[in-house]
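Welcome to my notebook. I sat down with this structure and jotted down what I looked up, one entry at a time.

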Amino acid sequence: MKRREFLFGSGAAAGALGLGGFGLAAGEQELVVQSASFALRDQVTTGMVSLSPDAPPPVLYGKQGEVIRLPVRNTLPDYTAMHWHGLRIPNGMDGVPYLTQMPIGPGEVFDYEFTPPDAGTYWYHPHCMTMEQMAHGLTGVMVIAEAEDPGFDSEQVVNLRDFRLDDDGSFLPAYTTRGAARAGTFGNVQTANWLNGSIYDHSAGGLVRLRVVNTDTARIYKIHLQGAEARIIAWDGHPVEIEVPMPNAEAPLLVGPGQRVDFAVQMPAGEGQTVDLMAKFPGQPHRAMMRLRATGASVSRDLRELLPLPVNPVTKPDLSKAKMHEFVFGWTPEGGEPTNGFCGSLGANFWSINRKPWPGDAVQRVGPLATLAKGKSYVLRLRNESPNLHPIHLHGLAFLPLKSNQRSLPPLMTDTMLLLKDEVVDIALVADNRGDWAFHCHVIEHQKTGLTGFIRVI
Ligand code: C2O
Ligand code: CU
Ligand code: CU
């Protein structure tokens, strides 16, 4: 972790759908999990997994407080299950095999139906055969619109992710044992909405809501915007209620797998001028992942016209009454063979929570890591005892970072906390959603080689 990298709280920082044609109003049609082909670079890559035969998983749209119906039909020869990352919905709709539902078998349909309580930028991905299906493409963005229109001229969704391809465009193995035991296995083709350096037109001088989502299986993206007047307005779905500094080339923002950042962007006034979403990859100069291009005569909007986004109805924890639970994330002392359920095993354990690797999805009678009483406040101490970074994700609940042993953390509500090397972070939450909630690292190789468990709210 270099000093110059920007992270919330690091030393440095003590309408138009505009989707490039792949938006889908939620509930209008069944989501069909299927194999797909797409030219991720010059050649067509086959054996991808998506919701249509020749396009990325669409952006799904819902509205805060309104019911969404998403029947998921599985046409793959493998099992699947769909998870709605970050949404605080009933446990039975959370899409985690064995914990909240049985896997969806080939030819089967599971009817997901829920009412998102929070607005913001979320995403969806399978939680069964997770490594294979995510690595082959099945990660999509889900936008939950505010009950009241926050006043943008347009919006742009950016789904950032890598693919691991051979020179002929075919998939390389999704992971390596070496990667799984360390920082993860990185792709070699970096994309935004499955494309490379695509350009999206938005009104000159207009206000664009840019929703950036890292749906990668391993990479921590280091991003900043170039050529824009912009502000960070939401982090991991939830409105940012304080002023946070904008990242730049010297101090890019770290967005871990599973994390999201929303920018309010004021488009340049001159037709043809661009705003670039830049990313930094090891050993390379900053590179534009995608570009917003100003079109037409300026509509002359101003960032200052935007009201703050309405706060989501997340109950703030009462720290005076909060009980503490500690979780240690590290290597596994015992290694051992994970049991292979229907839902895929990588055949080894390298990682653990509280020194126990997750024994496998289908194993019966595995207890929760902690049991919380509904409605009570808790502090969870997250202790990273490894040199690798871990985006730690908790389903079904939102939490507030309180403090770190390495940096000052602004209180930005989240569902995914990126733990740095040897970092210890206290988070606080109200256990206000009943059920068994998966709790794992979002580097999928870590998740699938032991760094998984669940927290029970009763
Ligand atoms: Cu986005 Cu259990 O994960
Ligand atoms: Cu999740
Ligand atoms: Cu991890």
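**Entry 1: the cores**

I began with the nonpolar packing, keeping in mind that this is a predicted model. The largest nonpolar core holds 31 residues, and those with the most contacts inside it are Leu160, Val212, Ile223, Val261, Phe263, Val265 and Leu277.

Next I asked which strands each supply at least two residues of this core. I found β10 (154-163), β13 (207-214), β14 (221-226), β15 (229-235), β17 (253-255), β18 (260-266), β19 (274-279) and β20 (287-295). The largest share, 4 residues, comes from β20.

I then picked out Phe263. Beyond its neighbours within four places in sequence, Phe263 is in contact with residues including Val208, Leu210, Val212, Ile223, Ile233 and Met246. Arg209, Arg231 and Pro247 are also among its contacts.

I also noted a second, separate core of 28 residues, with Tyr378, Leu429, Ala431 and Val443 among them.

**Entry 2: the copper ion**

Which residues coordinate the copper ion (ligand 2)? I found His83 and His393, each through NE2, at 1.9 Å. His83 lies in strand β6 (residues 82-85) and His393 in strand β25 (residues 390-394), so the two tie together parts that are 310 residues apart in sequence.

Are these histidines buried or exposed? His83 counts as buried because its relative accessibility is 1%, and His393 is buried too, at 0%.

**Entry 3: confidence**

Last, I checked how far to trust the model. The mean pLDDT of the protein is 92, and 93% of its residues reach 70 or more. Over residues 1-21, though, pLDDT stays under 50. The model has 58 contacts beyond four places in sequence for that stretch. I remind myself that predicted coordinates should not be read in detail where pLDDT is low.

Key
Residues are numbered from 1 along each chain as its sequence is written. Chains are lettered from A and ligands numbered from 1 in the order in which they are written. This is a predicted model: local features need pLDDT of at least 70, side-chain atom pairs count only at pLDDT 80 or more; totals for chains, interfaces and linings use all residues. Side-chain values use heavy atoms; hydrogens and water are left out. Donors are N, O and S atoms within 2.8 Å of the metal (3.2 Å for Na, K and Ca); water is not among the atoms, so sites may look incomplete. Buried means under 20% relative accessible area, exposed over 50%, partly exposed in between (1.4 Å probe, protein chains only). pLDDT is the predictor's confidence in each residue, from 0 to 100. Contact means heavy atoms within 4.5 Å. A nonpolar core is a set of buried Ala, Val, Leu, Ile, Met, Phe, Trp, Tyr and Cys residues joined through side-chain atoms within 4.5 Å.
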